[in-house]
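Colleague: Could you take me through the salt bridges in this model?

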Amino acid sequence: MKKLDRFLIKSFIGPFFITFFLVIFTLALQFLWVYIDELVGKGLGLGVIFEFLGWAACTLIPMALPLATLLASIMTLGGMGEKNELLAMKAAGISLPRILTPLIWVSVVISIGAFFAANNLIPVSYSKIYTLRDDIRKTKEEIKIPTGTFYDGIDGYILRIDSRDDRTKMMHKLIIYDHTAHNGNTCVTLADSGRMVISPDKQNLVFHLYDGCSYQETNRMSYRDTTLDLNRLKFKEQELIICLDNYTFTRSDDDRFSDEVMAKGLRALSHDRDSISHRYDSLRFYQMKRVLRTSALEYNFQFDSLWLADKMRGNLALDSLLADISPEMRLEAIRNAAGNIPLMVDQIENCVREDYHYVDPLRRTNIEWYRKFTLSIACFIFFFIGGPLGAIIRKGGFGTPVIISIFFFLIYYIIDITGKKLAREGTITPFEGTFISTAILLPIGIYLTYRSTKDSSLVNFDSYKVFFKNLGVWIKRGYYKVRNLFRKDFGRIRIVYMGTPEFACGPLDALLKAGFDVCAVVTVPDKPSGRGQKVNESAVKRYALEHGLPVLQPEKLRDPAFLEQLRAFKANLFVVVAFRMLPREVWAMPRLGTFNLHASLLPQYRGAAPINWALINGERQTGVTTFMIDEQIDTGRILKQQSYLIEDYDNAGSLHDTLMEMGSKLVVQTVEEIRDHRTKPQNQDVDHVTLRPAPKLTKELGRIDWNRSAREINNLIRGLSPYPAAWSIFVNEAGEEIPVKIYESYVVRESTLAQPEPSDSGTLSTDGKNWIQVRCGRDVLRITELQVAGKKRMDVSSFLLGFRDLEKHRLV
């Protein structure tokens, strides 16, 4: 045997025996708990109790052995995988089947041992434990007379004592009723005190009574003599002996239960099966003859196959027999047939009752015969489940392996007992009932072995999570579609969309792609802008025209003509994204209301520029909100929210794009919930937070104050990049000013600088190639992208190529 094989076998044997004995011990304790009432209080010796538990432990082998095999194989292979020993073996060119080979031979030995245990040991155990349990059941409980109550634990006697001295064992105020003559209360003994002793052989109970009196009367009266005799005997000391039966544990013949199915081996079961089958076949033959000879079948010779072969030619036309007789004879024949039906029913019911006395023992015998083999097969299959599973999960010890082992074993055990029950009831055959658990576990073992040899993971939980999540969404959508069929307009949504800038194009596109009916778009009128005063269309108008959507551009939202146009579309929902404040005449028009998409987590940053102000204030989190519009600005009840963690590299442009995508999905989800009547609007919580507004951006807001900290200035630059952009002014020694916009920068802690910076805010320094640093009120700001007046936007390297004597300038 090679060292590797010895190492693997040693690694397996230890956990196997530990697990086996732990399971046996646990199940034996559970067995003891079930039968504890039958064992306690009968004076049984420890030898009897341990013998009872020992035979009980042997009967638990069919449960313990497969579980021990499964758990030991998972622990062995899982521990090797966790310690990378399995990986080292594979790296040395040893395949998993080669690693499993010595353990497979061990599992074969275990399976063979399981067969001999099931065939030789377990039947003897059942015979012994049946006998022991019957003997223990017949043993009466120890005599313990309570105080203050009548005790009838002794056959033929009723006793009562008032008190007992636990130190001297002396009892006081005794009353003893003798009912052995079965004549009622005709014999009574009273004593002031007494002591009870059981003889060493536990055959007699001796009472030593003191200072008492015995009363005995005859309760037999005759017609001539109605008097009763009473005998009274006073005593100073008296000894009362009571004979005891079955108060000591007595062993009986061990072969009394040897005819039980569970107490038989394979040879005895085979003999019983053949004997019962032979007797059952004889019974069926006798039943057939009895049914055929009954008066209900007058022409039973027609069932004789030899007669049919000689006499019958073709099919027997039964209807033609009735056609050849008169109506009176036909009616008489039908009456005779109807009268014979109850007789036939009784015959069949008698056959069924007779069959049960043979069918049930035959099923039980067949089931137990097959179960002699299922234990061995279960041990072998459990190894091919546990070994590959341990190699896949790579977890040793008693944690994960125990949970997985119990899970698989419970599946096996439940299926096994269910199959056995169905087989005993005759629902399925004994073979199917005993091997159904094997048939289910075998494919699992093959699958796990295949996956482990391919070094594949057990399951891809992410794919299953996505599948079940999508399945839940499909089911939910189908449910709401069916429910909407019974609502007004069949749950269809007609939307008027209102928006202006590019931020509003994303949600509009998402609504169209989701299949919603956008019947019109409302946006601002075209306005001239720029140096040439060229008339520009809004981004939403351009998108609407490209997709053939009607566009309304009212100058005044209260214009009666515009309101009439809106009503003509018969929309039941208005969706607003980055538009003007709506008057009540507009937002109250649709039946389902009007909701708005806002680029912040309301109630924070109400106003026109929530994206910019969230960055300017250095927020770490923002998001998008849909809410129902009311009279105030951004104060309506919240429908849905989705948050976003702001990254250090985010600016107003990138955050705008991110929130536009998030907002597009949120708008679609909100419309779906409104359509399905699933919305739960909530009031904005303004009592427990400090509100931060988001007013319109001004040019003065973008002017950089270099006396502020570098962190605050950097947040301002991020919040205004790329539009309208934070700005400052280069000033040289001659006082000349050059405006500059700053688009990107980052903070450098002063403690990390190689040389200390000048203390004056706005002072510049550079390496002449890659960076420009500006001294701030606290720390230093390093600029990476900027734009000088009259020039294009450029990075610092390009800027330094054409800008000289930077140190002679400062930013103000």
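The questions below deal with charged side-chain pairs.

Modeller: This is a predicted model, in which local features need pLDDT of at least 70, side-chain atom pairs count only at pLDDT 80 or more, and totals for chains, interfaces and linings use all residues. Residues are numbered from 1 along each chain as its sequence is written, and side-chain values use heavy atoms, with hydrogens and water left out.

Colleague: How many salt bridges does the structure hold?

Modeller: A salt bridge here is a side-chain nitrogen of Lys or Arg within 4 Å of a carboxyl oxygen of Asp or Glu. One network of them links Asp526, Glu537 and Lys541. For the structure, the number is 22.

Colleague: What is the N to O distance between Lys421 and Glu425?

Modeller: Both belong to helix α11 (residues 400-425), and being 4 residues apart there, they are separated by about one helical turn. Helices are DSSP runs of H or I, at least four residues, and strands are runs of E, at least two, numbered from the N terminus. The two side chains meet in a salt bridge at 2.5 Å.

Colleague: Is Asp676, the partner of Arg678, buried or exposed?

Modeller: Buried means under 20% relative accessible area, exposed over 50%, and partly exposed in between (1.4 Å probe, protein chains only). Arg678, at 25%, is partly exposed. Asp676 has a relative accessible area of 2%, so Asp676 is buried.

Colleague: Which residue meets Arg749 in a salt bridge?

Modeller: The N to O distance in this pair is 3.7 Å, and the partner is Asp779. Arg749 lies in the loop between β18 (737-748) and β19 (764-766) and its partner in the loop between β20 (772-775) and β21 (780-788), so the pair ties together parts that are 30 residues apart in sequence. The partner, buried at 14% relative accessible area, is Asp779.
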